[in-house]
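Student: Could we go through this model together, one question at a time?

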2 protein chains.
Amino acid sequence: MKKYSKQRELILNSLRKRKDHPTAERLYLDLKNEMPELGIATVYRNLSDLCEEGQVIRIKTSSGPDRFDGNTMPHIHFECKKCGDIVDIVLFENEVKQLDNDLKKFAKQISAEVDGSDITITGLCKKCKKKLR
Amino acid sequence: MKKYSKQRELILNSLRKRKDHPTAERLYLDLKNEMPELGIATVYRNLSDLCEEGQVIRIKTSSGPDRFDGNTMPHIHFECKKCGDIVDIVLFENEVKQLDNDLKKFAKQISAEVDGSDITITGLCKKCKKKLR
DNA sequence: ATAGTATTTGATAATGATTATCATTATAAT
DNA sequence: ATTATAATGATAATCATTATCAAATACTAT
């Protein structure tokens, strides 16, 4: 049976508040200020659990450790190839619907049952675009 | 200056021929039959190089090591949550175009310059769907 | 072909991220 | 309050990948 823990609550709340996508270690370092007795294993453990429950999203990056996202609204990600930054792109309901429809249609090809998707756009973010000129 | 090596050629050709998406280790073990002197570092090294050149695609999986894909035609992936299998979903030209358009439109929100995308559909594959009943 | 050089290889050590272990502590049920 | 169960934190262990480096190989200019 699942038990409450203030560590898990802290991790989830903090992730919901922030709009970046920290690594487990980044989150650990930041939270250690609020709760000095926090251990890094606890952070990894709870992040994994929260991901399984669907309360947190694990983002695989092209290089470097996983990032975590407390935003569970339907959205997609942009990853900058230059600076590695990951940004949310929020979709309108009709966009989500259209995208879901398309993906389901594609999945018919292989007779699979779709239950989710993971879309990442790559390129240059606003900042890095400017720096290049 | 880039030099030819029979190891790299073997790796690339083998990846082009197979339609699965092997891990570096799987590929290494398989190729070791054809070329017993092959070293695993050579496989990792060449796979990374080929990915940078755009001749091979690195697929991040939700758990487990990276998979590699020699198919550079525009396509998306399906990952089965049950068995972990990854399958290609090939798109028609018009589907690719529509998808690209949509993604570019989304990216405008954050003023980013798009140069690629990575789409994975998750769910149950044909086989696992059957097993469940 | 030959010598010279630059790159690649294979073996293995090192690293980085994540998970496993386990004694202690906190939460929940009786 | 007692007991049972799950979570924690410290740290060891694991897994995938990258770095190192001497030896082998590919290319270039003679």
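What follows is a short conversation about the fold, the core and the DNA contacts.

Tutor: Happy to! This is a predicted model, where local features need pLDDT of at least 70, side-chain atom pairs count only at pLDDT 80 or more, and totals for chains, interfaces and linings use all residues. Residues are numbered from 1 along each chain as its sequence is written, chains are lettered from A and ligands numbered from 1 in the order in which they are written, and side-chain values use heavy atoms, with hydrogens and water left out.

Student: Which pattern does chain A follow along the sequence?

Tutor: Helices (H or I, at least four residues) and strands (E, at least two) are DSSP runs, numbered from the N terminus. Chain A has five helices and five strands. Read along the sequence, the pattern is α-α-α-β-β-β-β-α-β-α.

Student: What share of the residues in chain A is buried?

Tutor: Buried means under 20% relative accessible area, exposed over 50%, and partly exposed in between, using a 1.4 Å probe and protein chains only. The C-alpha atoms of chain A fill a box of roughly 50 × 50 × 25 Å along the principal axes. Of the 133 residues in chain A, the buried share is 41%.

Student: How far does helix 1 of chain A reach from its first C-alpha to its last?

Tutor: The expected span of a helix is 1.5 Å times one less than its number of residues. Helix 1 of chain A covers residues 6-17, which is 12 residues, and the expected span is 16 Å. The model comes close to that, with a reach of 16 Å.

Student: Which elements help to cover the buried residues of helix 1 of chain A?

Tutor: The buried residues of this helix are A:R8, A:L10, A:I11, A:L12, A:S14 and A:L15. An α-helix has 3.6 residues a turn, so residues three or four places apart point the same way. For the cover, contact means heavy atoms within 4.5 Å. What covers the buried residues includes helix 2 (24-34), helix 3 (40-53) and strand 2 (67-69) of chain A.

Student: Which element gives the most to the largest nonpolar core?

Tutor: A nonpolar core is a set of buried Ala, Val, Leu, Ile, Met, Phe, Trp, Tyr and Cys residues joined through side-chain atoms within 4.5 Å. The largest one has 33 residues, and A:I76, A:F106 and B:F78 are among those with the most contacts inside it. Strand 3 (75-80), helix 4 (93-108) and strand 5 (113-124) of chain A, and the elements with those numbers and ranges in chain B, each supply at least two residues of this core. The one that gives the most, with five residues, is helix 4 of chain B.

Student: Leaving aside its neighbours within four places in sequence, which residues is A:F106 in contact with?

Tutor: A:F106 is one of the residues with the most contacts inside the largest core. Beyond those sequence neighbours, its contacts are B:I76, B:I89, B:L91, B:E95, B:L99 and B:I121.

Student: Now the DNA. How far is the side chain of A:S5 from a phosphate oxygen of DNA strand D?

Tutor: A residue is near a strand if one of its heavy atoms lies within 4 Å of it. DNA strand D is surrounded by 22 residues, and A:S5 is among the closest. A polar contact is a pair of N or O atoms within 3.5 Å; within protein, one must be able to donate a hydrogen and the other to accept it, and residues adjacent in sequence count only if both atoms are side-chain atoms. From an N or O atom in the A:S5 side chain to the phosphate oxygen, the distance is 2.5 Å.

Student: Of the atoms of DNA strand D within 4 Å of the protein, what percentage belongs to sugar or phosphate?

Tutor: Chain B takes part on both kinds of site: a polar side-chain atom of B:K3 lies 3.0 Å from a base nitrogen of DNA strand D, while the side chain of B:Y44 has an N or O atom 2.9 Å from a phosphate oxygen. Bases make up the rest of those atoms, and the share for sugar or phosphate is 72%.

Student: Which residue has a side-chain N or O atom 2.5 Å from a base nitrogen of DNA strand C?

Tutor: Two other side chains face phosphate oxygens of DNA strand C, with B:S5 at 2.4 Å and B:T42 at 2.4 Å. The base nitrogen is paired with an atom of B:K3.

Student: Is A:S111 buried or partly exposed?

Tutor: A:S111 is found in the loop between helix 4 and strand 5 of chain A. Its phi is near 55°, a positive value in a residue other than glycine. With a relative accessible area of 27%, A:S111 is partly exposed.
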